[in-house]
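Please look through the structure below with the accompanying text at hand, beginning at the RNA and moving from there into the protein.

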Amino acid sequence: MTESRSLIEPRTLKGFRDHLPAQALARENILDIARGVYRSYGFVPIDTPALEYLEILTGKGSDETDKQLYRFQDHGGRDVGLRFDLTVPFARFCAQHIGVLGTPFKRYHMAAVWRGENTQRGRYREFMQCDFDTIGTTSPVADLEMVLVVHDLLAAIGIEAFTIRINDRRVLSGILHECGVADRSTDVLRSLDKLGKVTPAGVAAELEAHGVSADVRTKLLGMAQLAGDPATVLAALDGLVGSSETGRTGVAALRSLLDGVQQAGVPEGRVVIDPSIARGLDYYTGIVLESFLDELPTLGSICSGGRYDNLAGLYTKQALPGVGASLGIDRLLAGLEELGRLPAKETAAELFMVHFDTAHLADYLKIAAALRGAGIPVEFYPEAKRVGQQLKVAAKKGFPAALVIGSDEFAAGTAQLKHMHSQQSVTIDWHGDVHVLVDAIHSQLQAIKAGQ
RNA sequence: GUGGCUAUAGCUCAGUUGGUUAGAGCACUAGAUUGUGAUUCUAGGGGUCGCGGGUUCGAGUCCCGUUAGCCACCCCA
């Protein structure tokens, strides 16, 4: 009974993951960028509880979300559930607090959500969403801002090849109405939405199964496959919506949105009209948006959103129209990793300071403090191990530079700054003046950064 | 939730029609080398063969179950 104690197997639940430093650093970088972009448009942060009363979450009544909901009874016998997106809690939040917040209200919310669905590449049971929404206004400016935020966000993350696909629900419902299939709109849109994954012939077969006549099938498929120059697509849509008032409004909205995008200086081709985009969620009523990595279109949308008429109708009588989108950071990270775009850094510091000689510990501590005071993050190795070993650690963790100051350097009033990538060292004369040393290191690090 | 494929060391993988004590490369630790990431050499640590049953004299290998990962459906970030 001494050594036979059985160990608990360390493991995580299906669809739930640990995040090691390399991945967690990349994730935090993106979160920082998202925070910066959201704030640059005036969005403010909020937070809500992970756990909500079950009735809040099931209110929307879709059996699909009901099936995916993590639910249980808490110790007080209350029926509760984990949030499966950030929109529903936000709706509840608005119903409770909009009185003191006032409208229009712009918030961002970055937090984990949970869905008990089957896992796949880029799809997990616990993942993070980075939502931003503007509520309490129907202004087209808010729609435009949503597109601009998504664009700025993906650009700031450093993705070079991405496409934002936009559409307007009113265009779709106008066309469906003209075609006389408005009663089957959900089924029809769901089928059309599969274009790109399923062949046009396959979609046509699905449409036929929903009782759509041959000429209407041709018309719808033609509509959904419209692509290319936005002006041409808009002209084609004009014809398709015919006399439908709703449809014409939608096309006009898309037209002015694209004008605004252009006026704001977004490069051509980044935002395109894709009439097949419908979005599964049925609360969207105006513009809808999805965005894709050009090199990995099968990954799915990494940032999606749209306009809705009434966010919180289930919880308050006050009408709250809004527009917003959500960045799926975990899917994005999975995509960037697959493309080899994630930096292999395992350190948050910029400088590795070799622990050469413990007799100089006081000097090392003084230098490290001065560097940090000057805004240079520095990691000081805790043990005076062999220099080669220490440099190996620094290289493996991806430090851009290492600072080597041994007894000789202290005696001569010098230091070696080693550029890890080129393996070259620069000698710094600092004559025992820490300010001189810090300044020199600062400019060297700038040079290294610029050189990358 | 349904169906298909997969699982051997930290990583990538060998392991024959079932047959001694399950191997390699890389990585890791220590040393050769008392001040610089390489190379070379030496030594070393590390495996309940995902887990649990079954068949068999004998299972990493065959059968069943289960867990996890990947893929398709569904839906979505």
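The surface near RNA strand B is made up of 11 nonpolar, 16 polar and 16 charged residues, and it belongs to a predicted model. In total, 43 residues surround RNA strand B, and the closest of them are Arg 123, Arg 279, Ala 395, Gln 416 and Met 420. On the side of the nucleic acid, 50% of the atoms of RNA strand B that come within 4 Å of the protein belong to sugar or phosphate, while the rest belong to bases.

Which elements of the fold supply this surface? At least two residues each come from helix H3 (63-68), strand E6 (126-135), strand E10 (303-308), helix H14 (387-396), helix H15 (407-412) and strand E15 (414-419), and the largest share, 6 residues, is that of H14.

Individual polar contacts add detail to this picture. A polar backbone atom of Gly 15 lies 3.0 Å from a phosphate oxygen of RNA strand B, and an N or O atom in the side chain of Gln 120 is 3.1 Å from a phosphate oxygen of that strand. With Gln 416 the partner is a base: a polar side-chain atom of this residue is placed 2.3 Å from a base oxygen of RNA strand B.

Gln 416 also leads into the sheet, since its bridge partner in E16 is Thr 427. E15 and E16 pair in the antiparallel sense over 6 bridges, and they stand at one end of an open sheet of 5 strands, ordered E13-E12-E14-E15-E16, in which the pairing is mixed. Strand E13 (378-380) and strand E16 (424-429) are the edge strands, each pairing on one side only, and from one strand to the next the twist averages 25°.

Two helices accompany these strands. Helix H13 (residues 361-373) lies across strand E12 (351-353), E13 and strand E14 (401-404), and runs at about 165° to E13. Helix H16 (residues 434-451) packs on the sheet, where it touches E12, E14, E15 and E16, and its direction makes about 150° with that of E16.

Elsewhere in the chain, helix H6 (residues 169-179) and helix H10 (residues 230-241) pack with their axes 8 Å apart and at an angle of about 40°, and H6 and H10 are therefore oblique to each other. In this contact Val 171, Ile 175 and Glu 178 of H6 meet Leu 237, Leu 240 and Val 241 of H10, so that the residues involved divide into 5 nonpolar, no polar and 1 charged.

Key:
Residues are numbered from 1 along each chain as its sequence is written. Chains are lettered from A and ligands numbered from 1 in the order in which they are written. This is a predicted model: local features need pLDDT of at least 70, side-chain atom pairs count only at pLDDT 80 or more; totals for chains, interfaces and linings use all residues. Side-chain values use heavy atoms; hydrogens and water are left out. A residue is near a molecule or strand if one of its heavy atoms lies within 4 Å of it. A polar contact is a pair of N or O atoms within 3.5 Å; within protein, one must be able to donate a hydrogen and the other to accept it, and residues adjacent in sequence count only if both atoms are side-chain atoms. Helices (H or I, at least four residues) and strands (E, at least two) are DSSP runs, numbered from the N terminus. Axes are lines fitted to C-alpha atoms, for helices over the stretch in contact, and angles run from 0 to 180 degrees between N-to-C directions. Angles under 35 degrees count as roughly parallel, over 145 as roughly antiparallel, 65 to 115 as roughly perpendicular and the rest as oblique. Contact means heavy atoms within 4.5 Å. Two strands pair if DSSP finds at least two bridges between them.
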